[in-house]
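Biologist: Could you take me through this protein chain, step by step?

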Amino acid sequence: MLGVSALLSASLFLPGTTLAATPYDNAVLADHPVGYWPIAPGATTDLTGHGLNGSFTGTPSSTIMPNGDTAPVFNGINQYFTIPDHPYLEVTRTGVLTIEAWIRPDVLQFAHSEGSGYVHWMGKGEAGQHSWVARMYNYTNSENRPNRISGYSFNLTGGLGAGSYFQDPVTVGEWIHYALVINTVNTSSSYTTGYTKIYKNGVLRDQDRLSDYNIIPGDGTAPMRIGTRDLASFFQGAIGKVAVYDYEVTPTQLAAHGNVMNATRLTTPSTNVTASSDDGNVPANTLDGSLATRWSANGDGQWIQWDLGASKTVDHVKVAWYNGDARTASFDIKVSNDGTTWTSVYSGASSGTTLGLEAYDLANPSARYVRIIGHGNSINLWNSITETEIWGY
Ligand SMILES: [Ca+2]
Ligand SMILES: [Ca+2]
Ligand SMILES: [Ca+2]
(Lines give C-alpha, C1' and ligand atoms only; values in the text may rest on other atoms or scores of the structure.)
(Ligands and ions follow the chains in the order given, each with its own letter.)
Protein backbone atom coordinates (compact mmCIF):
# COMPACT_ATOMS: atom_id res chain seq x y z
CA MET A 1 0.00 0.00 0.00
CA LEU A 2 1.25 3.44 -0.85
CA GLY A 3 1.61 5.41 2.36
CA VAL A 4 -0.49 8.49 2.79
CA SER A 5 2.67 10.49 3.39
CA ALA A 6 4.00 9.47 -0.03
CA LEU A 7 0.78 10.63 -1.61
CA LEU A 8 1.01 13.93 0.20
CA SER A 9 4.66 14.31 -0.80
CA ALA A 10 3.75 13.79 -4.43
CA SER A 11 1.63 16.91 -4.34
CA LEU A 12 4.53 19.01 -3.09
CA PHE A 13 6.69 18.84 -6.22
CA LEU A 14 7.30 22.50 -6.80
CA PRO A 15 10.53 23.69 -8.44
CA GLY A 16 13.31 24.25 -5.93
CA THR A 17 11.40 22.91 -2.98
CA THR A 18 12.54 20.46 -0.34
CA LEU A 19 10.53 17.44 0.68
CA ALA A 20 10.19 16.93 4.42
CA ALA A 21 13.03 14.80 5.81
CA THR A 22 12.01 11.17 6.14
CA PRO A 23 13.36 8.54 8.56
CA TYR A 24 15.88 7.50 5.86
CA ASP A 25 16.97 11.11 5.42
CA ASN A 26 17.38 11.49 9.17
CA ALA A 27 19.50 8.34 9.33
CA VAL A 28 21.84 9.72 6.64
CA LEU A 29 21.96 13.21 8.11
CA ALA A 30 22.88 11.76 11.52
CA ASP A 31 26.08 10.50 9.85
CA HIS A 32 27.02 14.05 8.81
CA PRO A 33 27.42 13.91 5.04
CA VAL A 34 28.91 17.02 3.40
CA GLY A 35 26.23 16.85 0.72
CA TYR A 36 22.91 14.99 0.67
CA TRP A 37 20.32 15.06 -2.06
CA PRO A 38 17.14 13.04 -1.48
CA ILE A 39 16.37 14.08 -5.00
CA ALA A 40 12.93 13.78 -6.50
CA PRO A 41 11.30 15.62 -9.36
CA GLY A 42 11.13 19.18 -8.07
CA ALA A 43 13.27 18.47 -4.98
CA THR A 44 16.75 19.80 -5.62
CA THR A 45 18.03 20.96 -2.23
CA ASP A 46 21.11 19.72 -0.39
CA LEU A 47 19.66 18.77 2.99
CA THR A 48 22.97 19.18 4.86
CA GLY A 49 22.58 22.95 4.83
CA HIS A 50 25.90 23.34 3.01
CA GLY A 51 24.05 24.87 0.09
CA LEU A 52 25.20 22.43 -2.57
CA ASN A 53 21.83 22.63 -4.26
CA GLY A 54 21.40 21.08 -7.67
CA SER A 55 19.12 21.36 -10.66
CA PHE A 56 17.46 19.00 -13.11
CA THR A 57 18.01 19.03 -16.84
CA GLY A 58 14.85 17.65 -18.38
CA THR A 59 11.86 16.45 -16.41
CA PRO A 60 12.37 12.95 -14.98
CA SER A 61 9.33 11.01 -13.87
CA SER A 62 9.21 9.71 -10.31
CA THR A 63 8.98 6.39 -8.54
CA ILE A 64 8.58 5.07 -5.02
CA MET A 65 11.57 3.58 -3.21
CA PRO A 66 11.25 0.49 -0.95
CA ASN A 67 10.49 2.67 2.10
CA GLY A 68 7.88 4.79 0.33
CA ASP A 69 10.19 7.74 -0.36
CA THR A 70 10.38 9.22 -3.85
CA ALA A 71 13.19 9.08 -6.43
CA PRO A 72 13.53 10.41 -9.98
CA VAL A 73 13.50 8.07 -12.96
CA PHE A 74 15.96 9.19 -15.65
CA ASN A 75 15.02 8.40 -19.24
CA GLY A 76 18.49 7.27 -20.38
CA ILE A 77 18.50 9.84 -23.17
CA ASN A 78 19.00 13.39 -21.92
CA GLN A 79 17.88 13.76 -18.30
CA TYR A 80 20.23 14.37 -15.38
CA PHE A 81 20.85 16.34 -12.18
CA THR A 82 23.75 18.77 -11.79
CA ILE A 83 25.50 20.04 -8.65
CA PRO A 84 28.08 22.80 -9.25
CA ASP A 85 31.74 22.14 -8.43
CA HIS A 86 32.57 22.52 -4.75
CA PRO A 87 35.50 21.47 -2.53
CA TYR A 88 33.10 19.23 -0.57
CA LEU A 89 32.73 17.05 -3.68
CA GLU A 90 36.47 16.38 -4.02
CA VAL A 91 38.75 13.77 -2.46
CA THR A 92 41.38 16.49 -2.01
CA ARG A 93 39.69 18.43 0.81
CA THR A 94 40.19 15.74 3.49
CA GLY A 95 41.85 13.02 1.42
CA VAL A 96 38.78 10.82 1.80
CA LEU A 97 35.45 10.71 -0.01
CA THR A 98 32.51 8.30 0.28
CA ILE A 99 29.77 8.46 -2.35
CA GLU A 100 26.49 6.66 -1.56
CA ALA A 101 23.38 6.18 -3.70
CA TRP A 102 20.47 3.86 -4.43
CA ILE A 103 20.07 2.86 -8.07
CA ARG A 104 17.34 0.94 -9.86
CA PRO A 105 18.34 -0.03 -13.43
CA ASP A 106 15.28 -0.19 -15.68
CA VAL A 107 17.16 -1.89 -18.53
CA LEU A 108 20.19 -4.18 -18.66
CA GLN A 109 21.37 -2.79 -22.01
CA PHE A 110 21.51 1.01 -22.13
CA ALA A 111 20.57 2.84 -25.31
CA HIS A 112 23.10 5.62 -24.72
CA SER A 113 26.30 3.93 -23.54
CA GLU A 114 29.96 4.71 -24.21
CA GLY A 115 33.38 3.05 -24.37
CA SER A 116 33.25 -0.74 -24.30
CA GLY A 117 29.53 -0.56 -23.48
CA TYR A 118 28.78 1.16 -20.17
CA VAL A 119 27.09 4.21 -18.72
CA HIS A 120 28.52 6.68 -16.28
CA TRP A 121 25.48 7.07 -14.05
CA MET A 122 27.05 9.58 -11.70
CA GLY A 123 30.35 11.38 -11.52
CA LYS A 124 32.47 14.46 -11.39
CA GLY A 125 34.60 14.70 -14.47
CA GLU A 126 35.14 16.41 -17.80
CA ALA A 127 38.14 16.63 -20.13
CA GLY A 128 41.22 17.47 -18.03
CA GLN A 129 39.08 17.84 -14.88
CA HIS A 130 38.44 14.28 -13.76
CA SER A 131 37.70 13.44 -10.11
CA TRP A 132 35.60 10.26 -9.74
CA VAL A 133 32.85 8.29 -11.45
CA ALA A 134 30.23 5.58 -10.86
CA ARG A 135 29.72 3.19 -13.78
CA MET A 136 27.41 0.36 -14.85
CA TYR A 137 28.19 -1.88 -17.81
CA ASN A 138 25.67 -3.16 -20.29
CA TYR A 139 24.82 -6.84 -20.04
CA THR A 140 26.60 -7.28 -23.37
CA ASN A 141 29.81 -5.29 -23.72
CA SER A 142 33.13 -5.77 -25.47
CA GLU A 143 35.02 -6.48 -22.21
CA ASN A 144 32.77 -9.38 -21.13
CA ARG A 145 31.72 -7.59 -17.95
CA PRO A 146 27.95 -8.28 -17.83
CA ASN A 147 26.26 -5.54 -15.80
CA ARG A 148 29.39 -4.88 -13.75
CA ILE A 149 28.84 -1.95 -11.38
CA SER A 150 31.98 -0.07 -10.47
CA GLY A 151 33.54 3.16 -9.27
CA TYR A 152 36.83 4.89 -10.07
CA SER A 153 39.16 7.60 -8.86
CA PHE A 154 41.10 9.55 -11.49
CA ASN A 155 44.01 11.86 -11.99
CA LEU A 156 42.71 15.18 -13.30
CA THR A 157 43.98 14.21 -16.76
CA GLY A 158 41.70 11.18 -16.84
CA GLY A 159 42.83 8.07 -18.64
CA LEU A 160 42.65 4.83 -16.68
CA GLY A 161 41.23 5.20 -13.20
CA ALA A 162 41.79 3.09 -10.11
CA GLY A 163 38.57 1.41 -9.13
CA SER A 164 36.58 -1.36 -7.55
CA TYR A 165 33.54 -3.32 -8.69
CA PHE A 166 30.96 -6.00 -8.11
CA GLN A 167 29.53 -8.09 -10.91
CA ASP A 168 26.33 -9.95 -10.04
CA PRO A 169 23.24 -10.83 -12.05
CA VAL A 170 21.06 -7.71 -12.14
CA THR A 171 17.28 -7.78 -12.33
CA VAL A 172 15.42 -4.93 -14.01
CA GLY A 173 13.68 -2.93 -11.29
CA GLU A 174 16.00 -4.14 -8.49
CA TRP A 175 17.12 -1.47 -6.00
CA ILE A 176 20.86 -1.60 -5.31
CA HIS A 177 22.53 0.26 -2.42
CA TYR A 178 25.89 1.49 -3.76
CA ALA A 179 28.81 3.06 -1.92
CA LEU A 180 32.21 4.02 -3.29
CA VAL A 181 35.06 4.96 -0.96
CA ILE A 182 38.21 6.78 -2.10
CA ASN A 183 40.76 7.03 0.69
CA THR A 184 44.23 8.60 0.25
CA VAL A 185 44.87 8.96 4.00
CA ASN A 186 44.65 5.42 5.35
CA THR A 187 47.84 4.18 3.72
CA SER A 188 49.66 0.95 4.51
CA SER A 189 52.25 -1.37 3.01
CA SER A 190 49.47 -2.89 0.90
CA TYR A 191 47.95 0.46 -0.06
CA THR A 192 50.90 2.82 -0.18
CA THR A 193 48.93 5.79 -1.55
CA GLY A 194 45.47 4.69 -0.51
CA TYR A 195 42.61 2.73 -2.04
CA THR A 196 39.14 2.53 -3.46
CA LYS A 197 36.45 0.32 -1.91
CA ILE A 198 33.01 -0.59 -3.16
CA TYR A 199 30.00 -1.74 -1.14
CA LYS A 200 26.84 -3.39 -2.42
CA ASN A 201 23.88 -3.45 -0.03
CA GLY A 202 26.18 -2.62 2.87
CA VAL A 203 28.67 -5.42 2.15
CA LEU A 204 32.27 -4.66 1.16
CA ARG A 205 32.84 -6.34 -2.19
CA ASP A 206 36.16 -5.04 -3.49
CA GLN A 207 39.18 -2.94 -2.54
CA ASP A 208 41.95 -1.76 -4.89
CA ARG A 209 45.18 0.18 -4.78
CA LEU A 210 45.28 3.77 -6.06
CA SER A 211 48.97 3.05 -6.82
CA ASP A 212 48.00 0.47 -9.47
CA TYR A 213 47.24 3.35 -11.82
CA ASN A 214 49.34 6.02 -10.09
CA ILE A 215 46.25 7.95 -9.07
CA ILE A 216 46.72 11.19 -7.14
CA PRO A 217 43.25 12.76 -7.00
CA GLY A 218 43.11 16.45 -7.90
CA ASP A 219 40.71 19.34 -7.43
CA GLY A 220 38.83 19.67 -10.72
CA THR A 221 36.32 22.16 -11.99
CA ALA A 222 33.71 19.77 -13.42
CA PRO A 223 30.26 19.72 -11.82
CA MET A 224 28.94 16.59 -10.15
CA ARG A 225 26.18 15.02 -12.19
CA ILE A 226 23.62 12.30 -11.43
CA GLY A 227 22.22 10.31 -14.38
CA THR A 228 25.33 10.99 -16.42
CA ARG A 229 28.91 12.17 -15.85
CA ASP A 230 29.67 14.34 -18.87
CA LEU A 231 26.75 13.67 -21.25
CA ALA A 232 28.65 10.90 -23.09
CA SER A 233 26.28 8.25 -21.71
CA PHE A 234 23.00 8.28 -19.79
CA PHE A 235 21.53 5.97 -17.13
CA GLN A 236 18.01 4.67 -17.69
CA GLY A 237 16.35 4.04 -14.35
CA ALA A 238 15.97 5.53 -10.90
CA ILE A 239 18.71 7.05 -8.73
CA GLY A 240 17.84 8.22 -5.23
CA LYS A 241 19.24 9.37 -1.90
CA VAL A 242 22.68 10.48 -3.07
CA ALA A 243 25.08 11.33 -0.23
CA VAL A 244 28.72 12.45 -0.19
CA TYR A 245 30.83 12.17 2.97
CA ASP A 246 34.30 13.57 3.63
CA TYR A 247 35.30 10.46 5.58
CA GLU A 248 35.15 6.70 5.11
CA VAL A 249 31.69 5.50 6.02
CA THR A 250 31.68 2.21 7.92
CA PRO A 251 29.86 -1.02 7.01
CA THR A 252 27.78 -0.54 10.17
CA GLN A 253 26.58 2.86 8.97
CA LEU A 254 25.78 1.55 5.51
CA ALA A 255 23.92 -1.45 6.92
CA ALA A 256 21.88 0.89 9.13
CA HIS A 257 20.91 2.96 6.09
CA GLY A 258 19.93 -0.24 4.30
CA ASN A 259 17.79 -1.34 7.22
CA VAL A 260 15.89 1.95 7.19
CA MET A 261 15.35 1.79 3.43
CA ASN A 262 14.19 -1.81 3.59
CA ALA A 263 12.08 -1.43 6.74
CA THR A 264 8.65 -2.98 6.32
CA ARG A 265 5.32 -2.14 7.81
CA LEU A 266 5.00 -4.32 10.91
CA THR A 267 1.29 -3.64 11.44
CA THR A 268 -1.57 -5.09 9.40
CA PRO A 269 -5.35 -4.73 9.76
CA SER A 270 -5.30 -7.87 11.94
CA THR A 271 -2.58 -6.68 14.32
CA ASN A 272 -3.78 -6.92 17.92
CA VAL A 273 -4.58 -3.44 19.20
CA THR A 274 -6.00 -2.46 22.59
CA ALA A 275 -6.57 0.76 24.48
CA SER A 276 -7.20 2.09 27.98
CA SER A 277 -10.69 3.09 26.83
CA ASP A 278 -12.67 4.38 23.88
CA ASP A 279 -15.89 6.29 23.20
CA GLY A 280 -17.17 3.83 20.63
CA ASN A 281 -14.46 4.74 18.12
CA VAL A 282 -12.55 1.53 18.68
CA PRO A 283 -8.76 0.87 18.58
CA ALA A 284 -9.01 -1.34 15.47
CA ASN A 285 -10.01 1.75 13.50
CA THR A 286 -6.34 2.80 13.56
CA LEU A 287 -5.45 -0.17 11.33
CA ASP A 288 -8.24 -0.21 8.75
CA GLY A 289 -6.49 1.98 6.16
CA SER A 290 -9.19 4.63 6.33
CA LEU A 291 -8.65 8.20 7.47
CA ALA A 292 -12.43 8.42 8.02
CA THR A 293 -12.38 6.08 11.03
CA ARG A 294 -10.60 6.67 14.33
CA TRP A 295 -9.84 5.62 17.89
CA SER A 296 -10.85 8.24 20.45
CA ALA A 297 -10.51 8.44 24.22
CA ASN A 298 -10.97 11.47 26.46
CA GLY A 299 -8.45 12.51 29.10
CA ASP A 300 -4.77 12.92 29.83
CA GLY A 301 -2.94 9.56 29.94
CA GLN A 302 -5.29 7.52 27.80
CA TRP A 303 -3.30 5.01 25.78
CA ILE A 304 -3.50 2.71 22.78
CA GLN A 305 -1.07 -0.12 22.07
CA TRP A 306 -0.22 -2.45 19.25
CA ASP A 307 1.17 -5.98 19.70
CA LEU A 308 3.61 -6.86 16.90
CA GLY A 309 3.41 -10.55 17.85
CA ALA A 310 7.17 -10.83 18.40
CA SER A 311 10.06 -8.55 19.24
CA LYS A 312 11.04 -6.39 16.27
CA THR A 313 13.35 -3.47 15.67
CA VAL A 314 11.06 -0.47 15.41
CA ASP A 315 12.50 2.13 13.08
CA HIS A 316 9.67 4.64 13.10
CA VAL A 317 5.98 5.06 13.80
CA LYS A 318 3.56 6.86 11.49
CA VAL A 319 0.42 8.38 12.95
CA ALA A 320 -2.47 10.24 11.34
CA TRP A 321 -4.34 12.37 13.86
CA TYR A 322 -8.05 13.18 13.81
CA ASN A 323 -8.37 16.90 12.94
CA GLY A 324 -4.58 16.80 12.57
CA ASP A 325 -4.57 19.90 10.37
CA ALA A 326 -6.44 21.98 12.95
CA ARG A 327 -4.80 21.07 16.28
CA THR A 328 -1.61 19.58 17.67
CA ALA A 329 -1.72 16.35 19.68
CA SER A 330 0.69 15.86 22.60
CA PHE A 331 1.86 12.31 23.19
CA ASP A 332 4.57 9.92 24.31
CA ILE A 333 5.57 6.64 22.70
CA LYS A 334 6.65 3.79 24.96
CA VAL A 335 7.77 0.30 24.00
CA SER A 336 7.94 -3.01 25.80
CA ASN A 337 8.99 -6.56 25.11
CA ASP A 338 6.85 -8.12 27.84
CA GLY A 339 3.88 -5.75 28.15
CA THR A 340 4.93 -4.95 31.73
CA THR A 341 8.15 -2.97 31.64
CA TRP A 342 7.91 0.08 29.43
CA THR A 343 10.62 2.30 28.02
CA SER A 344 9.95 5.84 26.86
CA VAL A 345 11.23 6.28 23.30
CA TYR A 346 9.51 9.42 22.07
CA SER A 347 7.86 12.49 23.52
CA GLY A 348 6.46 15.29 21.43
CA ALA A 349 3.55 16.72 19.52
CA SER A 350 2.06 16.39 16.06
CA SER A 351 2.68 19.16 13.53
CA GLY A 352 -0.92 20.36 13.40
CA THR A 353 -0.59 20.77 9.65
CA THR A 354 -1.82 17.52 8.12
CA LEU A 355 -4.59 14.94 8.19
CA GLY A 356 -2.14 12.40 6.71
CA LEU A 357 0.40 10.12 8.33
CA GLU A 358 3.31 11.81 10.07
CA ALA A 359 6.51 9.82 10.75
CA TYR A 360 8.08 9.86 14.20
CA ASP A 361 11.59 8.45 14.04
CA LEU A 362 12.69 6.25 16.94
CA ALA A 363 16.23 5.21 17.86
CA ASN A 364 15.42 1.68 16.63
CA PRO A 365 14.38 0.07 19.93
CA SER A 366 13.60 -3.61 20.19
CA ALA A 367 9.90 -3.98 20.95
CA ARG A 368 6.96 -6.33 20.77
CA TYR A 369 4.50 -3.78 22.13
CA VAL A 370 4.27 -0.14 21.03
CA ARG A 371 2.08 2.18 23.09
CA ILE A 372 1.06 5.78 22.45
CA ILE A 373 0.09 7.70 25.59
CA GLY A 374 -2.04 10.72 24.78
CA HIS A 375 -1.97 14.04 26.62
CA GLY A 376 -4.82 15.62 24.71
CA ASN A 377 -4.50 18.24 22.01
CA SER A 378 -4.24 21.99 21.66
CA ILE A 379 -8.04 22.37 21.83
CA ASN A 380 -9.20 19.79 24.38
CA LEU A 381 -8.20 16.56 26.15
CA TRP A 382 -9.37 14.16 23.47
CA ASN A 383 -6.86 11.71 22.01
CA SER A 384 -7.95 10.69 18.53
CA ILE A 385 -5.94 8.73 15.97
CA THR A 386 -7.26 7.84 12.53
CA GLU A 387 -4.42 5.59 11.32
CA THR A 388 -1.14 4.14 12.58
CA GLU A 389 1.65 2.29 10.82
CA ILE A 390 4.62 0.85 12.68
CA TRP A 391 7.72 0.32 10.49
CA GLY A 392 10.83 -1.70 11.20
CA TYR A 393 12.45 -5.05 10.59
CA1 LIG B 1 36.82 21.46 -7.57
CA1 LIG C 1 -8.77 4.43 10.37
CA1 LIG D 1 14.77 4.98 13.38
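Modeller: The conversation below goes from the overall fold to the domains, the core and one helix. This is a predicted model, in which local features need pLDDT of at least 70 and side-chain atom pairs count only at pLDDT 80 or more, while totals for chains, interfaces and linings use all residues. Residues are numbered from 1 along each chain as its sequence is written, and chains are lettered from A and ligands numbered from 1 in the order in which they are written.

Biologist: How many helices and strands does the protein chain have?

Modeller: There are three helices and 24 strands; these are DSSP runs, numbered from the N terminus, with H or I over at least four residues for a helix and E over at least two for a strand.

Biologist: And how compact is the protein chain?

Modeller: Its radius of gyration is 23 Å, close to the 21 Å that the globule rule gives for 393 residues, so the chain is as compact as a globular protein of that length. The radius is taken over C-alpha atoms, and the rule is 2.2 Å times the number of residues to the power 0.38.

Biologist: Into which domains is the chain divided?

Modeller: Domain 1 covers 4-262 and domain 2 covers 265-392; such bounds come from an automatic or database domain assignment. Their centres, taken over C-alpha atoms, are 37 Å apart. Seven residues of domain 1 are in contact with nine of domain 2, where contact requires C-beta atoms, placed from the backbone, within 7 Å.

Biologist: Which element gives the largest share of domain 1's side of that boundary?

Modeller: Helix α1 does, with three residues.

Biologist: Changing topic, which residues touch the most other members of the largest nonpolar core?

Modeller: Ile239 and Val370 do, in a core of 96 residues. A nonpolar core is a set of buried Ala, Val, Leu, Ile, Met, Phe, Trp, Tyr and Cys residues joined through C-beta atoms within 7 Å. A residue is buried if 20 or more other C-beta atoms, placed from the backbone, lie within 10 Å of its own. Strand β19 (residues 303-321) supplies the largest share of this core, seven residues.

Biologist: What about helix α3, which of its residues are buried?

Modeller: In α3 (residues 251-261), they are Leu254, His257, Gly258, Val260 and Met261. They lie on the same side of α3, because they cover an arc of only 160° around the axis; the arc is that of the directions from the helix axis to the C-beta atoms.

Biologist: What do the buried residues of α3 pack against?

Modeller: Their partners are α2, β6 (96-105), β11 (176-183), β12 (195-200) and β19.

Notes. Contact = placed C-beta atoms within 7 Å. Buried ≥ 20, exposed ≤ 12 C-beta atoms within 10 Å, placed from the backbone.
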